[in-house]
Amino acid sequence: MPIVVRDVTYSYSKGTSLENQVLNNLTFKVDEGKFTAILGDTGAGKSTLLRLVVGLLKPDNGTVLIDGFDAGHRSVKGTIGVLFQNPEKQLFSKTCYEDIAFGPLNLGFEKEDVHQKVLTASAIVGFEQKNLETSPFKLSGGEKKKLALAGVLAMEPKYLILDEPTTGLDYCGKKGLLSNLGLIHSKGTTIIMITHQLTELLSLAQDVLYLKDGTIDFHGSVQEFIEFPSSNKPPITHFMSKLNEHGLQVNQNLYTVNEAFSEIKSYVHKRMKDHV
Amino acid sequence: MSNMFFSYFPGKSLIHELDPRTKLLALFLFSILVFASQTLEQFLFVFICFLFIAFISKTKPRVYWYSLKPLLVFFLLIFIMQLLFTDGNEIISFINTSITYEGLYLGLTVISRFVFLILFATVLTSTTRPSMITNGIERILRPLPLKYLGISSHELATMMSLSIRFIPELFENAKEIKDAQVSRGMDPSRSFLKSISSISIPLVSNSLNYVEELVIAMENRCFQGQERTNLYELKMDKSDWISLLILCSLLISYLYFT
């Protein structure tokens, strides 16, 4: 089993008057090759869970296993790539090239291999090669995000963990990033993505984990989650429900514009045929 | 939330209730006490004073550990520097350098002073809201003729309190950069010097960006550095005057008898 989280509890500021338990008895597993979305309100414990899975934090109780090893174990090194919430804090090298090459060099790859990996990773995320010799601190927010993702992808991780990667990106940037993630996932990479926005994940994610006050409120497929009472339904699903309420017998459980368009189109055609 | 370095911990104790000016002056007096200490007995006396203050502040021991932990590397470096570069009676020698009794003594003394200063400062920051520290500094500095230097006591107090408030932020930022590097295969324990250099560049860059954003945010909200009234005016109670009197007597007796 690739990623197993068992009975995990975690508190910040332990032993002080500000002690705050953010995760309480969490148990779940992520199957190999799956795209899992972790959803939840602000302060639900999503980013803490990410840090536990990557091995940057140690749980107070319970275990986090990656391929049977404790998270943070040397054997797991290089198999997990993580993109943190603030890309500007993830960049540290003098040039963008050095930043992307940092991971593969640490993993002991030869310089020629590293060069190839840098070029491939920057091409996947659409990072312009002319920018590779510039300073990462001079880039725009969107470019920084792309660069941070390229730095992670250059390690060719088996598991890719992303903390709200689309925050701060414009529409084209979001679309590009999500299609890249789809491509990476299709090559067999297991992806865990933390987000607030359900809509952008629906066409990609296979599993949804919904956190509420540090516990798992829901774990299941995307379709099941849309029908789950406490989930924030996507606007398209809301729109289709409204149409239903007003007497139009259309499928409500749709969540992309294209699906809704096809459904309404076939409904209109059907009604026109009935009239004729 | 994860970084507790010099943070405020709400609670109910005599120390929490004291006026921030009393606590700031007490910190100043304790600093004199710490710097005047040289022998083991004197440091033992400072330690007893600290234990007493810590006990009545009801601050949990882990809070002090949170303050000391990020500085352990610096303490170690300072100790090694004193140990290796102080002349005197030799204990052991190797290559071109030697460890001396004087170096060992000086190293331990300097480290002890730093540790006690951090511990006493932690009592202040863990029992006083940052806004109250600003108010306290501002009220202490108000009688000084700072206007001839072109600054106001409020400006100076804001600068000081922002510096204190920035310390945990700086450590948090350094941790985030380190986490990013560790998650990309770096082992800080194996390449310690390399990790320091690769953390310091983005840390400075991020801090400057942060400071710039903070300045713009303050100017947007019409910060002009002028003296202003407070919602809660500070008032020295009987307990504040008694505390200061005890501390002053203690310090004078200590300096007289040692």
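In chain B of this predicted model, buried residues account for 43% of the 258 residues, where a residue is called buried if its relative accessible area is under 20%. The surface that chain B exposes comes to about 15500 Å², and carbon and sulfur atoms supply 68% of that area.

To follow the fold of chain B, one can begin with its 10 helices and two strands, which, read along the sequence, are arranged in the pattern α-α-α-α-α-β-β-α-α-α-α-α. The C-alpha atoms of chain B fill a box of roughly 65 × 55 × 40 Å when the box is taken along the principal axes. If one considers the contacts in chain B between residues at least 6 apart in sequence, 70% of them join residues at least 24 apart. As for charge, chain B has 22 positive and 20 negative charges, and the mean positions of these two groups lie 7 Å apart.

From here we can turn to the nonpolar cores. In soluble globular proteins, nonpolar side chains tend to be buried together. The largest nonpolar core has 44 residues, and those that touch the most other members are Phe35(A), Ile100(A), Leu160(A), Leu162(A), Leu181(A) and Phe225(A). Helix α4 of chain A, which spans residues 141–153, gives the most to this core, contributing six residues. Separate from this core is a second one of 40 residues, and Ala26(B), Phe120(B), Val123(B) and Leu141(B) are among its members.

Which residues are in contact with Leu162(A), once its neighbours within four places in sequence are left aside? They are Leu50(A), Leu83(A), Leu149(A), Leu181(A), Ile191(A), Ile192(A), Met193(A) and Ile194(A).

Conventions. Residues numbered from 1 in each chain as written. Chains lettered and ligands numbered in written order. Predicted model: local features only at pLDDT ≥ 70, side-chain atom pairs only at ≥ 80, totals over all residues. Heavy atoms only, no water. Core = buried A, V, L, I, M, F, W, Y, C linked by side-chain atoms within 4.5 Å. Buried < 20%, exposed > 50% of the residue type's maximum accessible area, 1.4 Å probe, protein only. Helix = DSSP H or I, 4+ residues; strand = E, 2+ residues; numbered from the N terminus. Contact = heavy atoms within 4.5 Å. Areas by Shrake-Rupley, 256 points an atom, 1.4 Å probe, with all protein chains shown as cover. Lys, Arg positive; Asp, Glu negative; His and termini not counted. Charge placed at Lys NZ, Arg CZ, Asp CG, Glu CD.
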